[in-house]
Every structure is written in structure tokens, then in C-alpha cells.
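Got the structure open in your viewer? Grab the selection tool and follow along, one stop at a time.

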Amino acid sequence: MFSNLKNNSKLSQSIVLTLVLSSILACGVDVANNNTSVAIPGAEQIQIAQNTLPGDISTAVLRDASLRSGVKIADLKISKVTPTSFGNLCMFEFKEICTKEYIPIQGWVVIVRVKEQSWTYHVSQSSQIVIDPKINISDVSQLPKSIADKVITDAASRSGLPKSAIKITRSTTKTFSNSCVFNFGEVCTQLFDPVEGWQLIVKVKGESWTYHVDKSGSQIVLDPKITTSKGSQLPEQIAEKVLSDAYKHSNLQTRAINITRSTQKTFSNGCVFNFGEVCTQQFDPINGWEVVVRVNQASCIYNVDQTGSRILLDPKVSTALEK
């Protein structure tokens, strides 16, 4: 009986020893050097091991980032790759409002390190590459001289200054989500119909003017909120129409009425131009002015199109003027 217990005890010790040794080997303990360090792979090693992009796709992503940034491919780094099943093409293309239709696209979310920035790409297994349009690719790409010359010429013409007095202080390559956003529209749809180009800051005297320019340089748009010495002046014949309308509403002598401010503006659509309180986000722009008129101690606002054919008084103040 004791012999059996002894044998069972030895058998148990043997099993325990085997299990311990197996655990040690599985955890990677260095028993040869008597060091008990556990070789657990880091998160970065796991990421690289499991999520490596095919070589041709990696090259294509880095080439795209290099072209956009002006940084050499050797100085760029793919910092993270995550295999992803995008729900549909809309989601793959970073669009903001998508249906819940499920037509999956297999691919990766790729993070590329560009200087101090992290750029996000969506990449499909069929080699489609899309960069997040919200990324501001700041001060890393050179603006073509031909486009810079056009912008400086435009700013000089509007300001009445010589070209030598105009300076582009910053150029940022940018993907405008649609033509409404590109044209400084205030109320825009969330339709994703991208316009590639630049946002430029131009120094004119002590002011900074903002321009949007498309990639070809064929469209150059100055922020309509900027008051320039020439381009934003309200034409005299339109000013007279506004004053005449204000006189009719108030029954005052014209000397008691004057225009205190006129701002060149792009109204996003007819509803906004007509002082509509609930408007669609349709972009059907109307170029014109917002004109502030002083009538005695009251101020009223007019919206005027650039031809002067449509002059609308804010309905919230028209009743007060008529009293």
C-alpha cells in the first residue's frame, strides 16, 4: 500500500514537473542563462506581423503622400495598418452622410507619418487609395509659380497696390469637400464632390486675405467677407436704389438716411438671400452685397444682388421703419 502511494507521488511530481517545464518554454523564459525574462511580443510587433500591406500597395500609398506633401518617400513612414471591412463605397470614400446599404469593400485603414502629421488613408484590396479630405496638408507643398502670380495679380488689382507690395504668406494644399465649400458658401450640402486645390493667405498692407484656388489655377476665389478698396465697393447706382427704398419705407428725408456698411457676399441660395429662416442646404449661389442702412437711430439690413435688380429689406425691420 505504501509502495503504491510512493509510486503515485513520484508520478504526480513527474506530471507537475512536465507541466512547469512546458509553461516555461511556452512563455519564453531563458533558462540557459538563469534569467527569468518573459519574451512577450509588443503591440507594434503584433501590428506589423498581422497587418502588413502588400508591397505594391505600400509603395503606392507612400508615393501619393510624397506627391501631396513634397516630402521624399524615404522620409515618410507607414505607422499603422488596420485591416478593415468598409460597409460600402460611400464609407470607403470618407463621405459624411452614407446609407446603411451593405456592399462591403475589403481593405485597410493606413496611417502615414508625414513630418509631424498623421494622414489617414483608406485602401482597398483592389488598390483604390483615398485620403481623408479633412486633412490639412499645411505648408509642405510648393504652390506653382503660375498660380502664385495669378493670385498676386488679382490681389493687386483689387487693392490698387503694386504687385511688389503683395505677399503670399501661407499656402495649404486642401481638398474642399464640394464646390460650395470651395466658393466660401455659408450653407452647404454635405455632398462629397471634392475640389483639389489650395487655401492661400495673402498679406495686403496690414490685412490677411484668404483665397481658394483649384489645382489647375483656373478658379481663384477671394473670401467675399473681405472688404477690398476696389472690388467690394458698392456701386453708386445700387447705393441710390437702396437709399430710395429705405426712404419709401420710413417716409424720412434722405439726409436722415445713410449707408454705414456694405459687405460683398455670396449668398448660398435664393432662400438665404431672401432672409428665409429655414432654408435647404442647396448651393445655388447669388453674388451681391449685404448693406447696413442707418435710419435715424435704427439700423436695417438689405440684401442686394450684384446687378442691383433684386433689393430685399430684412422683414424683421421693415415694420419698424414704417411706424
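Which strands does helix H3 (residues 55-69) lie across? Select H3 and look underneath: the helix lies across S1, strand S2 (105-114), S3 and S4. Against S3, H3 runs at about 135°. Keep in mind as you click around that this is a predicted model.

**The sheet under H3**

Now colour those strands. They form an open sheet of four strands in the order S1-S2-S3-S4, with antiparallel pairing. The edges are strand S1 (77-86) and strand S4 (129-131), each of which pairs on one side only. Turn the view to look across the strands: the twist averages 25° from one strand to the next.

Zoom in on the S4 edge. Strand S3 (residues 117-124) pairs with S4 in the antiparallel sense, over three bridges. To see one such match, select tyrosine 121 and isoleucine 131: the isoleucine, in S4, is the bridge partner of the tyrosine.

**The whole chain**

Zoom out for a moment. The protein chain has nine helices and 13 strands. Of its 323 residues, 36% are buried. Take the contacts between residues at least 6 apart in sequence, and 53% of them join residues at least 24 apart.

**Strand S8 and its two hairpins**

Next, select strand S8 (residues 207-214). Is S8 mostly covered or mostly open? Mostly covered: six of the eight residues in S8 are buried.

S8 pairs with strand S7 (residues 195-204) in the antiparallel sense, over eight bridges. Pick out isoleucine 201 and you'll find threonine 210 of S8 standing opposite. The hairpin of S7 and S8 has two residues between the strands, and there lysine 205 takes a positive phi near 55°.

Follow S8 onward to strand S9 (residues 220-222). S8 and S9 also pair in the antiparallel sense, here over three bridges. Tyrosine 211 is a good one to click, with leucine 222 of S9 standing opposite. This second hairpin has five residues between its strands. Which residue in its turn has a positive phi of about 80°? That's glycine 217.

**Aromatic pairs**

Switch on the aromatic side chains. The whole structure holds three aromatic pairs. One of them is phenylalanine 176 with phenylalanine 182, an edge-to-face pair at 5.2 Å centre to centre with 80° between the planes. Both phenylalanine 176 and phenylalanine 182 are buried.

Then go to phenylalanine 267 and phenylalanine 273, another edge-to-face pair, at 5.1 Å centre to centre and 85° between the planes. Phenylalanine 267 counts as buried because its relative accessibility is 2%. Phenylalanine 273 counts as buried too, at 0% relative accessibility.

Stay on phenylalanine 273 and show arginine 310. What does arginine 310 do at this ring? The arginine lies over the face of phenylalanine 273, at 5.3 Å from the ring centre.

**Salt bridges**

Arginine 310 leads straight to the last topic. The structure holds five salt bridges, and one of them joins the side chains of arginine 310 and aspartate 305, at 3.3 Å from N to O. Try a surface view on this pair. Aspartate 305 is buried, with a relative accessible area of 5%, whereas arginine 310 counts as partly exposed at 39%.

Now select glutamate 277 and lysine 316. They form a salt bridge whose closest N and O atoms are 3.5 Å apart. Glutamate 277 sits in the loop between helix H8 (270-273) and strand S11 (286-295), while lysine 316 is in helix H9 (residues 315-322), so the pair ties together parts that are 39 residues apart in sequence. Glutamate 277 is exposed, at 68% relative accessible area. Lysine 316 is exposed as well, at 58%.

For the final stop, pick helix H5 (residues 145-159) and show aspartate 154 and arginine 158. Both lie in H5, four residues apart, about one turn of the helix. Their side chains meet in a salt bridge at 2.7 Å, N to O. Are these two buried or partly exposed? Aspartate 154 counts as partly exposed, at 23% relative accessibility. Arginine 158 is partly exposed too, with a relative accessible area of 22%.

Methods: Residues numbered from 1 in each chain as written. Predicted model: local features only at pLDDT ≥ 70, side-chain atom pairs only at ≥ 80, totals over all residues. Heavy atoms only, no water. Salt bridge = Lys/Arg side-chain N within 4 Å of Asp/Glu carboxyl O. Buried < 20%, exposed > 50% of the residue type's maximum accessible area, 1.4 Å probe, protein only. Phe/Tyr/Trp six-rings, centres within 6.5 Å; stacked < 30°, edge-to-face > 60°. Lys NZ or Arg CZ within 6 Å of the ring centre and 35° of its normal. Pairing = 2+ DSSP bridges. Axes fitted to C-alpha atoms, helices over the stretch in contact; angles between N-to-C directions. Contact = heavy atoms within 4.5 Å.
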